[in-house]
Structures are given as C-alpha cells and as structure tokens.
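Q: Could you take a close look at the aromatic rings in this one and walk me through how they sit together?

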Amino acid sequence: MLRVLSVLLLGWAAVAQALDPSQVVVVCNEKSALSREATAAYCRARRIPDEQVVNLGSLPEKELITWEEYQRCIVAPLLHRAELGFWHFPSMRHKDGRRIYAIVLMPDVPLRISREPGEKEMSLANSGASVDSELSLVGFQYKRIGMLANPYCGKDLPLDRFEGEALSVCRIDGPDRACIMRMINDPLRVEKTGLRGWTVVDSGGPYREGDDWFARLAKTALSHHLPLYVDRERESLPKGYPLMQGVAFYFGWYAEFADGPFAEGQGDFRFVPGAVAYHLHSFSATSLHDKRRWVAALLRRGAAVTAGNVAEPFLGGNIRHDFFYDRLLKGYTVAEAALMAQPTLSWQWVVLGDPLYRPFPQGATQRAEGRDTWSLWLSLNERTRGDIAQLRRLIPREAKPSQAPLMAEMCGALCMEIGQEQVADAMFDFAALKYPELRDRLRCMHRRALALLALQRVDDARKLLAEAQLQARGTPWAEAMRICAQRVDKKTQKPKSSPKPAAGGASR
C-alpha cells in the first residue's frame, strides 16, 4: 500500500504546478456582444485580471481572413499590449511582467487564415492555417511553408517548465450562446470531484496508424480501470444508436459529418457535464456554427472540450488523441494536454474549451471515494487487480440493486477487451434484463450479440438481434437496431463460390 501511495504522490507532484490564470491572456472581439459577455463571464469565473484581457476592435466580421488582416487586426494589438509590461510572450526580447503560456480566444474571433493565391489546398506546403495554430507562434519569426514541428509534442511536462517556442491556444466558442456559457461553467463544477463516466472509442477507420492511436487510448483507459466502450466496426456508430448517457470521453473517426447518436435530430443523447469529445476528420472545424460539422455537433450534445481541423491536415497533422487523453488523466490542464498532443504548429488545428480546465485535478489514479457507481467500479477494480472472477462475485455483493445493471455492463465491456467473451455474454445478459430503460437494454442486447459472435454462436447472435429489432419497433432506436443486425449478417455471410469451369473450356 505504501508503494502504491508513493507512486500516486509522485504522479501528482509532476503536475502540481499546473497552468494558472496569471499565465493566460484572453482575446475578445470588442464589436461582438456575445464575445464581451463570454469574456466577462470567463474572467469572473477564473479570476483573470483586466490587464490580461485584450479587446480587439477592428476584427473583420467573418471566419476566414487574409494573412495581412491577421497580422494587422490580431497580432499587432496583442504585441502592443504585451509591450506595456504587465506580461510578455516567450518570443519577446523584453521580459517585463508575467510570462504568458496560453491564449484563449473568445466568441467571434476569426477562425481561418486563407492560403496565398496559386497554392493548392491539398499540399503540405499550403500556407493556409487556423488563426489558433498561427497564434501559437505569435511574435516569432518563421516561414509560412506549411506545418511546422511542435517542440512540446509528446512531452510530459508542465507548460511553465517548457522553454521552447510555442504557446497553447484554445478558444471558447461554438454554435450558440448556450454551448459557450456551458463551456465556461461546467469545468468549474467538474473540477471539484473530477470527471467521471464512460470512455467511448469508435475506431475502425481507414488507416492502420490512426487505429493504433485508438488502441493505445483504450489501453490507457484499461490501465486506469476506467469504464470503456470500444466499437471496432469499420463504419461509425449507427444512426440513432442508443449510446449510454454517462459518457465522459468520446474519441472516434472517420465520418465527414456528425452521425450516429451525435447527429442533429437523432435522439436525446447528452454527454456528462465537462465531457471531452473528439472526432478525427480533416474538415471537422471548417465552421464553428455548422451543426453538421463535428465540433459544433459535439458541443451541442453537451461536450465542454473538443478539437478539429479547419482544412486538410493529413493524418500526421492531427491532434494525437491518445496523448491528449493520457495527459488529461495525469492531471494536466486542457491547454497543456492539447499542446502536448499536437504534432504541428502553423497548421490546421483548433482546440475548443477552457485552457485552465483540469478534468482530473489530482490525476485519474486518485483513490475513489464515495458509493456512487463510478467510485465503486474503481474501488472494486483496485481490490481485485484484474481477477475477473472475483470482480464478478463482488459486484452483486457491493452494488445496490439500482447500480447492478450499469456495473454488469461495465464488467461485460471490460471482458470484451481482455478476451473473456463468455463472461461478457453473461454480464450483458444480466444488464439487458435488469436495466429499467429500453435504450440501455437494447444496447446490451447488441453488445451481447457481439460477444456471441466472438464465441462462434452466430445463430444465437442473429436471434438476439432479431429480438432487439422487435423490441425497438416504433422507437427512436429502431433504425440503429436494424443496422446492427445488418452488419452482423454481412460479417457472417459465407462468400459465394465461383462457378466451376465447364469441362474442356472456360467458364461462362
């Protein structure tokens, strides 16, 4: 026990000096009433002094601006304010005042910088970029030749101990006022107890390298005993899928527009307050107001933090969600975790969320306290140390009847990840019988069918999904259950044999 405690304390000590409000500059669009309102609310919530607010009064009223407009309307005012001496950027020769490590852009600050005439969009040398990624190098001299390497990427080090040439840039913005105000208020409440809920991973994308990132993320969740739901279908989650309501993290790819349970008008799914959600796609953030795009859709579903691209980043230019997840679990702020996860600067990324938000202020390995379902799950896993048989015995003893279905689903999901499909079958069966809500029963029936499929019980899997379709008839989840059954049928169909050639000649 002493050894475990010392490990936890060492992990906590590494991020004890996390980013604080004195190291953040807030950028407001003075002409926007929403930007002014959000700026006031954020500074009040985080106790950021007035001298760290930069009001930009001549911003173009559009998301796409030229390089000249960016320099004149954004960079010049920022450097001018820094020169007053209250604070300074790492690029400045004169080091008066506090050093700034992060910038947060408030609503209606332009989003994208256009590429130069004649440049091809699908080029690594394209000078087009997000405003955010260019601001990460504010004041430095560099060539706009496409993506630049981020020296902070992959670090496991607080930002105020990093002496390299990079700033973290986030923005608090989104498709509507409700989303924006929630992005300010939810993190403050969540930090009191830490973010709790499922980690959902929707892998099965077009490139092996990306799926490897998802696999590492899932492995990280398992190592922290966090409830994990992994979907490895080639397609993304089906339209209207009855996803559980307690999702704290979502990472998926590779659909152009928001789909599954996240699409506009598809069911009532909501993330838990303070959730972090990210769908990897090249054009997920071309506009923050387009409800079809992933960043807007995830924010509208309740996420407090998301990320995306304003143009084609190529796979290697995407934020590394496995790094991002790992650093958040270790207790870093969103600003630090996002910059450690970003391989590029002067490129296409945008991170939406409070840069000071720490979903796990004491690290995800803090000892669980209380009797809520999430704390109980962590406690039981700490006690059993990977012994699934013991975990299975403890759940009905320790859990209240109202907690038992959720605990059983957590156990079933864990067993699916470690190759114990027989136990997963039993756990999902129990959960499907005990859950009071149909959406939860349908999901567990689907998950049980996948366990049966892994056990080569194809007919049983098909019968179970047929029953799920009957129960879902006339509900918002009917189409999702039909698609789930269709996918299983497709995977289990025997390939058609080619006709045999006629004797003495070619086949017709």
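A: Let's fix one term before the rings: buried means under 20% relative accessible area, exposed means over 50%, and partly exposed is in between (1.4 Å probe, protein chains only). This is a predicted model, so to speak of local features pLDDT of at least 70 is needed, side-chain atom pairs count only at pLDDT 80 or more, and totals for chains, interfaces and linings use all residues. Residues are numbered from 1 along each chain as its sequence is written, and side-chain values use heavy atoms, with hydrogens and water left out.

Now the rings. The structure holds 15 aromatic pairs (rings of Phe, Tyr and Trp, the last by its six-membered ring, pair if their centres lie within 6.5 Å; planes under 30 degrees apart are stacked, over 60 edge-to-face, the rest tilted). One of them is Trp67 with Tyr70, a tilted pair at 5.2 Å centre to centre and 40° between the planes. These two are three residues apart in helix H3 (residues 67–82), so about one helical turn separates them; helices here are DSSP runs of H or I, at least four residues, numbered from the N terminus. Trp67 is partly exposed at 21% relative accessible area, while Tyr70 is buried at 1%.

Then there's Trp253 with Tyr254, an edge-to-face pair: 5.8 Å between centres, 85° between planes. Here Trp253 is buried at 1% and Tyr254 partly exposed at 33%.

Elsewhere, Tyr250, Phe262, Phe269, Phe271 and Trp294 form one aromatic cluster.
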